[in-house]
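Please examine the sequence and the structure below before reading on. The paragraphs that follow lead from one strand and its neighbours to the surroundings of the ligand.

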Amino acid sequence: MNAPASLFADIRAVIIDLDGTMLHTAPDFLVAINAMRAELQLAPVGVDVITRFVGKGTENLVRSVLGVDYTHDQVAERYPQALEAYMRHYTVINGRHSTVYPGVAEGVRQMQEQGLRLACVTNKPIAFALPLLETTGLLPAFEVVYGGDSLPRKKPDPMPLLQVCADFSLAPHQVVAIGDSSNDAQAARAAGCRVLNVPYGYNHGQPIHDVDSDGIVDTLLDAARLLSAANPNQHVSQ
Ligand SMILES: O=C(O)COP(=O)(O)O
Ligand SMILES: [Mg+2]
């Protein structure tokens, strides 16, 4: 951890990203994307190709994996069919090949015990995000969940983060966003929220150390410990 604890002294709520932060969903993306590509008579792509495109929502993902083979105009032509196929396949396999990262359940539980309010903001469609949170047992921890299609604009736009601040009646500097990518960090910076990155996710295939954030925590459990150390009076009685 490389951020001074004093930066987090006022934190009252945490916004946590989903793909690459709470859940390793790349294996689900791999299956659904390659099933879609097979329908379009395209060869499968590897997981490294796919994780470069995860984090900016479904539309970007589908367009990007078509862009591996097609020109801009060809992508535009095939996009509706590809999106329909991808959504159909993802709906069936959603969560089947995903795993919860180490420290997530415990970190979320410790944040709750500290009295921190929790929101999940993901660029995944809300219809995919909610069942995943439900089946992994994480859903009850979150007062608010926004998907990439819940609001007019998604991360890296600050809109969903600012909406959470408004929902919780908190100023942005009282809220920290935690995510695996520059997309999360840009949204947080634009919103005026604090931001922590985790190093184990996708970050569009780029090194996480290059991202402008307030620090990197190894796990969500480490994030909970950092926030606890920065807010020693915040513990609620059990
Ligand atoms: O791009 C997506 O579908 C999801 O990405 P996120 O959960 O990391 O925001
Ligand atoms: Mg992510």
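What handedness does the β-α-β unit made by strand 6, helix 8 and strand 7 have? In this predicted model, the unit is right-handed. Its helix, helix 8, covers residues 182-191.

Strand 6 offers a convenient starting point. The strand spans residues 175-179, and five of its five residues are buried. Val175, Ala177 and Gly179 point to one side of strand 6, while Val176 and Ile178 point the other way. The residues on both sides are buried.

Strand 6 has pairing partners to consider next. Strand 1, formed by residues 13-16, runs parallel to strand 6 and is joined to it by four bridges. Within this pairing, Val14 of chain position 14 faces strand 6 opposite Val176. Strand 7, comprising residues 194-197, likewise pairs with strand 6 in the parallel sense, over four bridges. Here Gly179 of strand 6 stands opposite Asn197 of strand 7. Val176 and Gly179 thus belong to strand 6 as buried residues, and each has a counterpart in a paired strand: Val14 for Val176 and Asn197 for Gly179.

The ligand site can now be described. Ligand 1 is surrounded by 13 residues, the closest being Leu18, Asp19, Thr122, Asn123 and Lys124. By character, the shell consists of two nonpolar, six polar and five charged residues. Both domain 1 (5-24 + 99-230) and domain 2 (26-93) contribute at least three residues each to the shell around ligand 1.

Technical notes
Residues are numbered from 1 along each chain as its sequence is written. Chains are lettered from A and ligands numbered from 1 in the order in which they are written. This is a predicted model: local features need pLDDT of at least 70, side-chain atom pairs count only at pLDDT 80 or more; totals for chains, interfaces and linings use all residues. A residue is buried if 20 or more other C-beta atoms lie within 10 Å of its own, exposed if 12 or fewer, and partly exposed in between; C-beta atoms are placed from the backbone. Helices (H or I, at least four residues) and strands (E, at least two) are DSSP runs, numbered from the N terminus. Two strands pair if DSSP finds at least two bridges between them. A crossover is right-handed if, with the strands pointing away from the viewer, the path from the first strand over the helix to the second runs clockwise. A residue is near a molecule or strand if its C-beta atom, placed from the backbone, lies within 6 Å of it. Ala, Val, Leu, Ile, Met, Phe, Trp, Tyr, Cys and Pro count as nonpolar, Asp, Glu, Lys and Arg as charged, and the others, Gly among them, as polar. Domain bounds come from an automatic or database domain assignment.
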